[in-house]
Amino acid sequence: MLDHAWIAAHIPHQGRMCLLDRVLSWDEQQVCCVAQGHQAADHPLRAEGRLGIAAGIEYAAQAMAVHGVLLAGGGHPLGVGYLTSVRNVCLHADRLDDVPGELTVRATRLSGDDALILYQFDLTAGDRCLIEGRASVVLDAHRS
C-alpha cells in the first residue's frame with residue numbers, strides 16, 4: 001500500500017506539510033489519494049482558526065507530485081515540478097476543517113510532455129465536490 005510514509009519519502013513536502021495519507025489508485029492518466037488531517041487544530045495551512053477551501057489546491061498539487069513519482073517508476077524522476085497556474089477553479093465550500101470524514105483528492109492528466117503538464121483536479125468528501133479546477137505544472141523550470 002502506498003501510505004503516508006511512502007508519500008513523504010517520495011515528494012518534497014515533509015513533516016506536517018505532507019498532507020496526503022494514502023494513494024487509493026493510479027494509472028498513466030490519473031491518481032486518487034486520501035487525506036484525513038484537514039480537521040487538525042495544528043494543520044500547517046490553518047489561518048485564524050480555520051482551513052480555507054483554497055488550501056485544497058495544495059492537496060491537489062501534492063497529488064500531482066505523487067502522480068509524477070509514480071509515472072517515473074524505477075527511481076528515474078520526471079524532474080522537479082512547479083505549480084505555475086490554476087484556472088477554472090470552482091469553490092463549492094468555504095472551508096475544509098469543518099468537513100467530516102476523509103477527503104478524496106483526484107488529479108487527472110489532460111495533456112503534457114517532458115516540460116509542462118496540465119491536470120484537472122477535484123477534492124470531494126463522500127459524493128460532495130468541495131473544489132475543482134485545472135492546474136499547470138512546469139517540470140525542471142531551472143533547466144537552461
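What follows is a walk through the fold of the protein chain, from its overall build to its strand pairings. The model is predicted, and everything below should be read with that in mind.

Starting with the big picture, the protein chain has two helices and six strands. Going along the sequence, these elements come in the order α-β-β-α-β-β-β-β. The C-alpha trace spans about 40 × 30 × 30 Å along its principal axes. A compact globule of 144 residues would be expected to have a radius of gyration near 15 Å, and the 14 Å found for the protein chain agrees with that.

On the inside, buried residues account for 39% of the 144 residues. Plenty of the contacts reach across the sequence: of those between residues at least 6 apart, 62% join residues at least 24 apart. On the outside, the protein chain exposes about 7,500 Å², with carbon and sulfur atoms supplying 52% of that area. As for charge, there are 11 positive and 17 negative charges, and the mean positions of the two sets lie 4 Å apart.

Strand β2, which covers residues 30-35, is a good place to zoom in. Six of its six residues are buried, so by the under-20% cut-off on relative accessible area this strand is mostly covered. The cover applies to both faces: Q30, C32 and V34 are buried on one side, while V31, C33 and A35 are buried on the other.

β2 also has pairing partners. One is strand β1 (residues 22-26), which pairs with β2 in the antiparallel sense over four bridges. Within that pairing, R22 stands opposite V34 of β2, and V34 is one of the buried residues just mentioned. The link from β1 to β2 is a hairpin that runs through three residues. Another partner is strand β4 (residues 103-112), again antiparallel, this time over six bridges. Here A35 of β2 has L103 of β4 as its bridge partner.

After β2 comes the loop that leads to helix α2 (56-72), and D42 is found in this loop. With a relative accessibility of 53%, D42 counts as exposed, because the cut-off for that label is over 50%. D42 and S85 are 43 residues apart in sequence, and their C-alpha atoms are 28 Å apart in space.

The later strands carry on with the hairpin theme. β4 runs antiparallel to strand β5, and eight bridges join the two. In this pairing, S111 stands opposite L118 of β5. The hairpin formed by β4 and β5 has three residues between the strands. β5 itself spans residues 116-125, and seven of its ten residues are buried, so the rest of the structure largely encloses it.

β5 then pairs with strand β6 (residues 128-139), antiparallel once more, over ten bridges. L118 turns up again here, standing opposite S136 of β6. β5 and β6 form a hairpin with two residues between them, and G126 in the turn has a positive phi of about 65°.

Put together, the pairings can be followed from strand to strand: β1 pairs with β2, β2 with β4, β4 is joined to β5, and β5 pairs with β6. Each of these pairings is antiparallel.

Terms used
Residues numbered from 1 in each chain as written. Predicted model: local features only at pLDDT ≥ 70, side-chain atom pairs only at ≥ 80, totals over all residues. Heavy atoms only, no water. Rg over C-alpha atoms; globule rule 2.2 N^0.38 Å. Buried < 20%, exposed > 50% of the residue type's maximum accessible area, 1.4 Å probe, protein only. Contact = heavy atoms within 4.5 Å. Areas by Shrake-Rupley, 256 points an atom, 1.4 Å probe, with all protein chains shown as cover. Lys, Arg positive; Asp, Glu negative; His and termini not counted. Charge placed at Lys NZ, Arg CZ, Asp CG, Glu CD. Pairing = 2+ DSSP bridges.
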